[in-house]
Amino acid sequence: MADSLVIQKRKLRPEEITSKVLLNLSVVAIVVIWTIPTFGLLISSFRTPEAINSTGWWTAVFHPFSQGFWTLGNYLRVLTEDQMGTAFANSLLVTIPATVIPITIAAFAAYGLAWMNFLGRRLLFILVVGLMVVPLQTSLLPLFRLYNDTGLAGTYLGIWLAHTGFGLPLATYLLYGYISQIPRELIEASEVDGTTPMTKFIYLVLPVSVPAIASFAIFQFLWVWNDLLVALIFLGTRVDVAVVTTRLSELVGSRGQAWYVLTAGAFLSMIMPLIVFFALQRYFVRGMMAGSVKG
Amino acid sequence: MSDAVIQKNRTVQVLLSLAVAVVLVVVFAWSFHFMRAATAPRLLIAVVAMVVGVGGIWALFLTADHLVAQMPVKLREILRPYVFITPAFLVLLVYIIYPTIRTVYISFFDFTRGGTPQNFGLQNYVRAFTDPALLIALRNNLLWLIFVPLFSVSIGLVIAVLVDRIRWEKIAKSLIFLPMAISFVGASVIWRFIYYRAPFGAQIGLLNAIVVAMGGDPVGWLRLEPWNNFFLIVIMVWLQTGFAMVILSSAVKGVPGSLLEAARIDGAGEFRVFFQVIIPFISGAILTVTTTIVILVLKVFDVVFVMTSGRFNTEVLANMMYNQMFIQGTYGRGAALAVIIFIAVTPVMIHNIRKLNKA
């Protein structure tokens, strides 16, 4: 703001300094309140089971060098004995295709909707917009029964397709918004001998749309990674297929008091989203904003 | 090249792409069985799954396009767009349109696991608004619907206005936004730890440690009716405030500096500026954020499922629906609850479509 520049040039009056300090202190207070829950979990996950149960995690913050306090054992135990390692691999196995498949299908459809003429084009677009907010709850039961009849229940393919279905309206809508804004001259300029809509799509539209694709990819990746309901219903809780969220919720049920297991398990389930958050922060915020309307 | 040769080439091409299509189908079918057989080594399944899943979808599009390219010009031009849109449309049909219609249909019947739909009527809906357990779920949903948007939007707005005036805005915002990255399950474990009451010994849950330090007795927060609903609501507020803050922060930055200055020169204090200038100016953004959070909260499931499983009168619609459909197998009743959630979001759906038609 222009006036803040003026303020910086002259000396601050005492009451201005007080209000600045108060402002900063209140933001510090809010940030601390918002961070403490996650921080407490993180600290606890590195404490020995005895330490966790005998003193609060904050004592470890004030006396960080006490003997026999810190350990990596919780992680080791949760990864192996409590099958969180398998769950982590399963989550990757579910999440990567469940992100790539809907993006691919949606990108093709968005291009068709934006740049091709065909019967029912408008209707199809309205359908996409309308289906965007349909809660996935209304799909669960018939699909569950269909999956049981076809043998798709409990398979990776089944859950990829389920996430593809639930993510597709939003993906198509977002990519349409971007692809339809590509300048017509750019599309037409690429028309030399032998170009087909397919080659135009692959060599021009897809590379140009990378920012939109990246935003949605981050959103969908996190959505699928963090999802519990879809995984619970279509993949189940058997340890060889369970993902991190279903595994963690099972641990809450079976080992609800064993905080050395739960804290380490919870942190393992969060590590992937946190990496994405810190590494790709700008895209992350954009993706979460774009995806917030998902049904 | 003579016409005959071209003709022959084309036939070969068509046969070739048909053959590719057949091979694809066989590979799909084989890998499907392979993935279902739990006996195969896990790593191998994983690799096959990834290749088939990601590569297969591309192979499908390219083969279809190639096949269409062999057709006579006129037919080709008509069919081409459908190569691009048919897969998406099929997925929508199978995964959203058909199941939604089917769920609405089921909701009008007595239908339980192993049985068939019987007794067409409104009984499931009547039950949803008369059964005591369901009424509690409806009441709790109402609490969630009022307090989660109220708290996340107002706290988010206050933070947005405050951080606008500090130097370390970016860091503060990203720390408050961070919970958005955490799953509801993860967040539930975090807060279970905070609400934990140790049966004996030191209180290691933060909240009870504070209570004890102030001379009180430890409290079983999650069993404390009806306040336990609010302790669950806090979790969602913690998760969603960052979202509200980011959207409202960019709206606040859009308020013209001249407008604020004019108000201040006219003698308005910071509170009046906040309530009478900033809030009216960004009311559109506030409405958007509120709607989005309302839709999210309507479907709240994970938090209740992990924290209490709906015990101690903390049940909500989505968790109850899950229980009725997948635990008790009372399909008709569960479907009616799903339809109620669906009806609640239709105004937003209609609004979105209307906006589209205006554009």
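Helices here are DSSP runs of H or I with at least four residues, and strands are E runs of at least two, numbered from the N terminus. The model is predicted: local features need pLDDT of at least 70, side-chain atom pairs count only at pLDDT 80 or more, and totals for chains, interfaces and linings use all residues. Residues are numbered from 1 along each chain as its sequence is written, with chains lettered from A and ligands numbered from 1 in the order in which they are written.

**Exercise 1.** Locate F312(B) and S309(B), and classify their exposure.

*Solution.* Start with the loop between α13 and α14 of chain B, where F312(B) is found. S309(B) lies in the loop between α13 (302-307) and α14 (317-327) of chain B.
Next, check the backbone. Phi of F312(B) is near 55°, a positive value in a residue other than glycine. Phi of S309(B) is also near 55°. Most residues other than glycine have a negative phi.
Now count neighbours. A residue is buried with 20 or more other C-beta atoms within 10 Å of its own, exposed with 12 or fewer, and partly exposed in between; C-beta atoms are placed from the backbone. F312(B) has 16 C-beta neighbours inside 10 Å, so F312(B) is partly exposed. S309(B) has 17 other C-beta atoms within 10 Å and is therefore partly exposed.

**Exercise 2.** Describe how α7(A) packs on α3(B).

*Solution.* Take the axes of helix α7 (residues 121-131) of chain A and helix α3 (residues 73-106) of chain B: they come within 12 Å and cross at roughly 40°. Axes are lines fitted to C-alpha atoms, for helices over the stretch in contact, and angles run from 0 to 180 degrees between N-to-C directions.
Then name the geometry. Angles under 35 degrees are roughly parallel, over 145 roughly antiparallel, 65 to 115 roughly perpendicular, and the rest oblique. α7(A) and α3(B) are therefore oblique to each other.
Finally, list the contact, which needs C-beta atoms, placed from the backbone, within 7 Å. α7(A) supplies L124(A), L127(A) and L131(A), while α3(B) supplies I85(B), F89(B), L92(B) and I96(B).

**Exercise 3.** Find the cis peptide bond between E225(B) and P226(B), and place P226(B).

*Solution.* Read omega: the bond from E225(B) to P226(B) is cis, with omega near -5°. Most peptide bonds are trans. Then place P226(B) in the loop between α8 (206-213) and α9 (228-253) of chain B.

Technical notes
Two residues are in contact if their C-beta atoms, placed from the backbone, lie within 7 Å.
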